[in-house]
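User: Please take a close look at one part of this structure and describe in a single connected account how it is built and what surrounds it. Where the account leads on to other parts, follow it there.

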Amino acid sequence: MDKKLHIVSFDVPLPANYGGVIDVFYKLKALHAAGIKIILHCFVYGKRAVNAELEKYCEEVNYYGRLTGMQGLSLLRPYIVNSRKSEQLLKTLLINDAPILFEGLHTCYFLNHPSLAGRKKYVRAHNIEHEYYTALAKAETSRYKKMYFSAEAKLLRQYEEVLKSATAVLPISERDTAYFAQKFSAKMVPAFHENSEVNIKIGCGEYCLYQGNLAVAENRQAVEYLIENVFSKLEIPIKIGGANPSLELKNSISDYKNIELIENPTDEQMQDVMRNAQVHVLYSAEQSGLKLKLLNSLFQGRFVVANSNILVNEKLLHCANCASTPRDYIQLIHEIWGQKFSEEMIAKRNQLLQTDFSNERNAEALIEIIFS
């Protein structure tokens, strides 16, 4: 008998080019490979649009408009939830009694709807949303955006109670699982991602690398911290790669001869830059879930230095070097610089990552949770 699953995505998951949709896309791809018949529901807004490639992995793909701007606002619900309400979505979910996987609190407008009482309903928690929005507020320099993120964080904290209507919450990290398990049924399923095996070059790299979407306030804050406290103190070559850096960041980087900006690299360029780096340097001022760029660095790069806010999964501590202070970062980078990454190191990295971060294994675990 066919196993069918509704997946309600907060966005169109292709192109898979940012954190949340990466998890969604590679999850549905892995579930499809495991024989699950997927009925996908996507909210369309912004520059993302209908994508026919999704039909390769889904039995059915449905699209709904998002209520952006003022029409999406509510005093009772977070904007990210209230703007994703669609009566057509509810009607489509009721066509059959297949289990439903809601991707993020964003998509939970109908989670506690009476019509769905008795259905198996699961919520993927990519992070603890109110903590994430609090971190966005702290990182933001725009007064208007800071006020919005703070207000949204408050509403998200209150709205989180809707998760009582879920059969289970499915976080991606140990820390988040411990948080949700205090109030709800919670089972960890690690993040899905683009990597099937490690693809690391042996030998030594030529520079340290920081990479991320530089238009995101959290990433901008991170790279500014690293430039001021770590990169500017080194004579080692540094590369910073990412999309849409601000003029202020460009000017800051131009002050240092050892730092090079790679602006808006293609996917192929970024992969080449990642594989030729000696040290991948990551930093976050706040804990906000597992960073998929960390997984990419571990699967494709040699040595990784990051702080505890990045290394939220304890098992990843066996794959990376943990730094607490700027002095730690500098010392670890100096220690690693010149070390050769060996075949044995690659084999060990692959074994560690395939234990918990195999898409195939995690799809099997998810199927067991939902259909057992």
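Analyst: A good place to start is Val281, whose bridge partner in strand S11 is Val305. The model is predicted, and the description below should be read with that in mind. Strands S10 and S11 pair in the parallel sense, over three bridges, and both belong to an open sheet of six parallel-paired strands in the order S9-S8-S7-S10-S11-S12. The edges of this sheet are held by S9 (259–263) and S12, and because each of these has a single partner strand, one side of each is left without a neighbour in the sheet.

What packs against these strands? Helix H11 (residues 326–336) offers one answer, since its buried residues pack against strands S7 (208–211), S10 (279–281), S11 (303–306) and S12 (321–322), as well as against helix H7 (217–229). The residues of H11 that are buried are Tyr329, Ile330, Leu332, Ile333 and Ile336. Just after this helix, Gly338 takes a positive phi of about 95 degrees.

Within H11, Ile333 deserves a closer look. Its relative accessible area is 0%, so Ile333 is buried, the cut-off being under 20%. Setting aside residues up to four places away in sequence, Ile333 touches Cys208, Val230, Leu234, Ile236, Val279 and Val281, which brings the account back to the residue where it began. One of these contacts spans a good deal of sequence: Ile333 and Ile236 lie 97 residues apart along the chain, while their C-alpha atoms are separated by 9.1 Å.

Val281 is also among the contacts of Phe231, which, leaving aside neighbours within four places in sequence, include Tyr210, Leu226, Ile238, Ile240, Asn258 and Ile259 as well. Phe231 is in turn one of the residues that touch the most other members of the largest nonpolar core, a set of 82 residues in which Leu28, Leu31, Leu40, Ile240, Leu290 and Leu294 are the others so placed. The largest share of this core comes from helix H1 (residues 19–33), which contributes eight residues. Apart from this core lies another, of 33 residues, among them Tyr64, Leu105, Val123 and Leu136.

Val123 leads on to strand S5 (residues 121–125), and here the burial extends to the whole strand: five of its five residues are buried, so S5 is largely enclosed by the rest of the structure. Both of its faces are covered, with Lys121, Val123 and Ala125 buried on one side and Tyr122 and Arg124 buried on the other. S5 pairs in the parallel sense with strand S4 (residues 100–103) over four bridges, and Arg124 is the bridge partner of Glu103. Four bridges also join S5 to strand S6 (residues 168–171), again in parallel, with Pro171 in S6 as the bridge partner of Ala125.

Where do the charged side chains of this region find their partners? The side chain of Arg124 meets that of Asp23 in a salt bridge, with 3.1 Å from N to O. Since Arg124 lies in S5 and Asp23 in helix H1, this pair ties together parts that are 101 residues apart in sequence. Both partners are withdrawn from the surface, Arg124 counting as buried at 2% relative accessibility and Asp23 counting as buried at 2% as well. Glu103 forms a salt bridge with Lys27, and their closest N and O atoms are 2.7 Å apart. This pair, too, links distant parts of the chain, Glu103 being in strand S4 and Lys27 in helix H1, 76 residues away. Glu103 is buried at a relative accessible area of 0%, and Lys27 counts as buried at 1%.

The six-stranded sheet has a salt bridge at S9 that is set in other surroundings. Helix H8 (residues 247–254) lies across S8 (238–242) and S9, running at about 150 degrees to S9. Lys250 forms a salt bridge with Glu263, the closest N and O atoms being 3.1 Å apart, and this joins H8 to S9 across 13 residues of sequence. Lys250 is partly exposed, with a relative accessible area of 31%, and Glu263 counts as partly exposed at 38%. Asp23, Lys27, Glu103 and Arg124, by contrast, are joined into one network by salt bridges that share partners. The count for the model comes to 14 salt bridges.

Notes:
Residues are numbered from 1 along each chain as its sequence is written. This is a predicted model: local features need pLDDT of at least 70, side-chain atom pairs count only at pLDDT 80 or more; totals for chains, interfaces and linings use all residues. Side-chain values use heavy atoms; hydrogens and water are left out. A nonpolar core is a set of buried Ala, Val, Leu, Ile, Met, Phe, Trp, Tyr and Cys residues joined through side-chain atoms within 4.5 Å. Buried means under 20% relative accessible area, exposed over 50%, partly exposed in between (1.4 Å probe, protein chains only). Helices (H or I, at least four residues) and strands (E, at least two) are DSSP runs, numbered from the N terminus. Contact means heavy atoms within 4.5 Å. Two strands pair if DSSP finds at least two bridges between them. Axes are lines fitted to C-alpha atoms, for helices over the stretch in contact, and angles run from 0 to 180 degrees between N-to-C directions. A salt bridge is a side-chain nitrogen of Lys or Arg within 4 Å of a carboxyl oxygen of Asp or Glu.
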